Amino acid sequence: MILARTFPSILLLCSIRSGQAGYAKGSIQLDMSTFKKIIPHFPCAIVKVDKDYPHGRNQTQFEKLVGLLSQDKHTIVAEIGVQEFGEKENTDLAEFLNVPRKEHWPVLFIFARDTMSWAAKYQGFFSLNRLRNFVNQNSEVQWSCPACILELDRLVKAHLFDRTLLAEQMVLQTKIFIASLPRTDKRSTTADYYLKLMERILDLGQPAVAKESQRVVRLLQMKLPKAKKVLLKERVDILYYSFGGNLWSFQEEEIADGSAQDERDEL
Ligand SMILES: *[C@@H]1O[C@H](CO)[C@@H](O)[C@H](O)[C@H]1NC(C)=O
């Protein structure tokens, strides 16, 4: 790895290799040196220590967590892959964090600028819900699903949950936001969707969210082209994460899929 830091072409090869290995998209990989350099720059750093080339259900749950934090500019998510054999990369860092053995992994730390001491540590079951609870209890991150628009989530929250913003204002500010988006911005169709739903909330109040949730779930159960399904799943996420739509069971179903075996192994 010393070579990799010296020659850019080798670095490129290595990053391609790690890309395939299953490190989460949207998280960064750290070693001792980058850990000490990067962590202090962020009010909140969420750091996972795990075996090298993490995979399986734990990793897919973690990947979802990373996705939900991707729009938070003040939070960085990082992974430390520890090699048990060979070069034994990152064993120094695992020891530094006092989780030297694989029995300790996966473990999640939260740092608040201070690399000498962590703010919180989690070694429990790796499910998205538990990871989210842990992060919620120990930081002030801003969640939003990958398909969501954080700026608009704030407006929705202010109206629906904090009740500090009138529905008219929510709609108006969303129109201003949409007008400010460059024409090429991929988020504009999503923003239009937010606006449509907000306008229905303006008419019907909160029940508009339940109605739309039912509609989308009904559509999802139909035979549809794949692209349409993907779009609808994004809508489900927006309804669930941004508008507080009662789609929890739907989300849970997804998490439970294919993990029954692992769960039995672990319980
Ligand atoms: C997943 O995490 C649990 C702890 O939550 C651990 O016991 C288990 O070994 C992990 N599974 C894999 C495949 O790493």
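Me: What share of the 267 residues in the chain is buried?
Reply: A residue is buried if 20 or more other C-beta atoms lie within 10 Å of its own. This is a predicted model, and its chain holds 13 helices and five strands. Of the 267 residues in the chain, the buried ones make up 29%.

Me: In what order do the five strands lie in the open sheet?
Reply: Strands of a sheet pair through backbone hydrogen bonds, either parallel or antiparallel. Here the pairing is mixed, and the five strands form an open sheet. Strand 1 and strand 5 (120-122) are the edge strands, each pairing on one side only. The order is 1-3-2-4-5.

Me: Which residue in strand 3 is the bridge partner of Lys 51?
Reply: Let's look at strand 2 (residues 44-51), which pairs with strand 3 in the parallel sense over eight bridges. Strand 1 (residues 28-29) also pairs with strand 3 in the parallel sense, over two bridges, and there Gln 29 has Glu 79 as its bridge partner. For Lys 51, the partner in strand 3 is Val 82.

Me: Why is strand 3 said to be largely enclosed by the rest of the structure?
Reply: In a regular strand the side chains alternate between the two faces of the sheet. In strand 3, Thr 75, Val 77, Glu 79 and Gly 81 point one way, while Ile 76, Ala 78, Ile 80 and Val 82 point the other way, and all are buried. Strand 3 (residues 75-82) is therefore largely enclosed, its buried residues numbering eight of the eight.

Me: Which hand does the β-α-β unit of strand 2, helix 4 and strand 3 have, right or left?
Reply: Follow the chain from strand 2 to helix 4 (residues 57-68) and on to strand 3. With the strands pointing away from the viewer, a clockwise path over the helix counts as right-handed. This β-α-β unit is right-handed.

Me: Which residue of strand 5 is the bridge partner of Leu 108?
Reply: Strand 4 (residues 107-111) has four of its five residues buried, so it is largely enclosed by the rest of the structure. Strand 4 runs antiparallel to strand 2, joined by five bridges, and Val 49 has Val 107 as its bridge partner there. Strand 4 and strand 5 also run antiparallel, with three bridges. The partner of Leu 108 in strand 5 is Tyr 122.

Me: Where does the largest nonpolar core lie with respect to domain 1 and domain 2?
Reply: The largest nonpolar core has 53 residues, and Ala 45, Ile 46, Val 47, Val 49 and Ile 80 touch the most other members. Domain 1 (17-138) and domain 2 (150-255) both contribute residues, so the core lies between them.

Me: What is the distance between the end C-alpha atoms of helix 11?
Reply: Helix 11 (residues 226-242) has 17 residues, so at 1.5 Å a residue the expected span is 24 Å. Among its buried residues are Arg 235, Val 236 and Tyr 241. Just after helix 11, Gly 244 has a positive phi of about 65 degrees. The distance between the end C-alpha atoms agrees with the expected span: 24 Å.

Conventions: Residues numbered from 1 in each chain as written. Predicted model: local features only at pLDDT ≥ 70, side-chain atom pairs only at ≥ 80, totals over all residues. Buried ≥ 20, exposed ≤ 12 C-beta atoms within 10 Å, placed from the backbone. Expected span 1.5 Å × (residues − 1). Pairing = 2+ DSSP bridges. Core = buried A, V, L, I, M, F, W, Y, C linked by C-beta atoms within 7 Å. Domains from an automatic or database assignment.
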